[in-house]
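Open the model in your viewer and keep the selection tool ready. We will go from the whole chain to single side chains.

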Amino acid sequence: MSKDKKDKKCKGCGHGKCKCNQKKCKDCGHGKCKCNQKKCKDCGHKKCQCESKQEQKVEQNVNVNVNVPQGPQGTQGQQGDQGPQGFQGPQGTQGLKGFQGPQGTQGQQGDQGPQGFQGPQGTQGPQGDQGPQGPQGDQGPQGTQGPQGFQGPQGTQGPQGDQGPQGTQGPQGDQGPQGTQGPQGDQGPQGIQGPHGFQGPQGVQGPASSSTPISGNRIYVASEGPDNVSVIDGNINTVIATVPVGANPFALDVNPTTNRIYVVNFTSNNVSVIDGLSNTVISTVPVGINPFGIGINPTTNRIYVANFTSNNVSVIDGNTNSVITSILVGINPIGIGVNPITNRIYVASAESNNVSVIDGNINRVISTVPVGTNPIDIGVNPITNCIYVANDGSNNVSIIDGLSNSVIATVPVGISPRGIGINSATNRIYVINANSNSISIIDAFSNSIITTIKLGTNPTGIGVNILTNGIYVAHIFTNNISVISGNTNSVIATIPVGTSPNGVGINP
């Protein structure tokens, strides 16, 4: 900065640094002007009204000097420097309170405040009504046993109990010394019939025949639909007669000695007795409820009927065609097999899964043998004294030893085995599998299946002719009989019969 500018003083206050704002007012003599507080010297009012008077003077002067000529207007002078800013005037009085504005929208709800202190507990209210009685509680533990009482007097002796089951066979003892040769044994069963030979010359007339009527190679089939029995001549495989019987004939069996056929009628709860010579019903025997299975001992001429709903076996005397006793067995007895040599009767109970063994001499159960699931049918080989049980639920055959009354083997077969036929001469067992539509052939020497033959739909009943080695199988849905040759293990004929055939019996 030059010296001229530094030494230059303010024209207004004469100071190098302007202090014009610090000078006293020329009008009121105060550093802070109070002119507005003094009365105007001209008009005498605190708020000067000289301007209005001056306007009146100007009007008077205008009127006085109206004739005075006005000189030319001079040039406008330079604009003076801006004066200092004036002091701020006093604050005005507060205005009137404005009207209240409209209420604003409600704000969001604030956070919940802390929980207040718990108030004092109120006085106890009156007791409420008694509620309903609750359920009885569990029984408490049994108390300790009291002291033993005095022994009472001895009772009278009760009746003798039933004979207990036969015990298991003990171990085989050491071989004794060879005994003397015994007498010659009984003659064995007749062998298989050989081929037909050439006709020989006619012999002389023999003596008159016995009074017992015989009809050989006859097959009897019970049909549930028409309630009848079809009689088939096994020599020509043709139905030669039809015999009406009771309602829903389900099973049958034949006594070849008397030539009588016994048919169980499931719904009419009786047994029809057919004469094999005349093919007519000669007697009807009432039995238990829903007879299902039947077996015959030709030696004693006793007929055994399994009553499915009565859970018992009716014993019929074949000489009088009347029931002589009933024997309780397992639940839902179905199949029956008889060993005429030992006079033992075997009853399969489907619901109990066991076989009841009856002694035919005393008509009493002497043993019960557990087997597979849902046993349906039973076959007996009297020569080997083995009993074969078809188990429909477990798809196998249980083999029972008739001496020990125990299962000695189990052979798997097809699905739902429901019938068993036995050829004691060849020692072959034939098992029909209802849901496999087949027949399993078991070799009883090895207790193994040697072959399986496919059959028609749903085989249900079976019979075996031990003389011709022919096997006859009933098909309940196709209403016919399949004829199988036991020599070739093949189906050789089909015979139409009545509706829904089931039981099959053979008079060889």
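The tour below starts with the full chain, then visits a group of aromatic rings and ends at one serine.

**Whole chain**

Bear in mind that this is a predicted model. Show the chain as a cartoon. It has two helices and 28 strands. Now switch to a surface. The exposed area is about 34000 Å², and carbon and sulfur atoms supply 48% of it. Of the 508 residues, 37% are buried. Turn on contacts between residues at least 6 apart in sequence: 38% of them join residues at least 24 apart.

**The aromatic rings**

How many aromatic pairs does a search of the whole structure find? The search returns three. Select Phe250 and Phe292 to see one of them. Their ring centres are 4.1 Å apart. The planes meet at 50°, so this pair is tilted; the tilted class lies between the cut-offs of 30 and 60 degrees.

Colour the strands next. Phe250 sits in strand E4, residues 249-255. Phe292 sits in strand E8, residues 291-297. The pair therefore ties together parts that are 42 residues apart in sequence.

Are these two residues buried or exposed? Both Phe250 and Phe292 are buried. For Phe292 the relative accessibility is 17%, and it counts as buried because the cut-off is under 20%.

Keep Phe292 selected and add Phe266. These two rings form an edge-to-face pair, with 5.9 Å from centre to centre and 85° between the planes. Phe266 is in the loop between strand E5 (260-265) and strand E6 (270-275). With Phe292 in strand E8, this pair ties together parts that are 26 residues apart in sequence. Phe266 is partly exposed, at 24% relative accessible area.

Now add Phe308. Phe250, Phe266, Phe292 and Phe308 form one aromatic cluster.

**Ser440**

Clear the selection and go to Ser440. It lies in strand E22, which covers residues 438-443. Its relative accessibility is 2%, so Ser440 counts as buried.

Which side chain makes a polar contact with the side chain of Ser440? Select Asn433: the contact between the two side chains is 3.0 Å.

Finally, show what else surrounds the serine. Leaving out residues up to four places away in sequence, Ser440 touches Val413, Gly414, Ile429, Tyr430, Val431, Asn433, Ile449, Thr451 and Thr452. Asn433 is thus on this list as well as being the polar partner of the Ser440 side chain.

Technical notes:
Residues are numbered from 1 along each chain as its sequence is written. This is a predicted model: local features need pLDDT of at least 70, side-chain atom pairs count only at pLDDT 80 or more; totals for chains, interfaces and linings use all residues. Side-chain values use heavy atoms; hydrogens and water are left out. Helices (H or I, at least four residues) and strands (E, at least two) are DSSP runs, numbered from the N terminus. Buried means under 20% relative accessible area, exposed over 50%, partly exposed in between (1.4 Å probe, protein chains only). Contact means heavy atoms within 4.5 Å. Accessible areas come from the Shrake-Rupley method with a 1.4 Å probe; for residues, only the protein chains shown count as cover. A polar contact is a pair of N or O atoms within 3.5 Å; within protein, one must be able to donate a hydrogen and the other to accept it, and residues adjacent in sequence count only if both atoms are side-chain atoms. Rings of Phe, Tyr and Trp (its six-membered ring) pair if their centres lie within 6.5 Å; planes under 30 degrees apart count as stacked, over 60 as edge-to-face and the rest as tilted.
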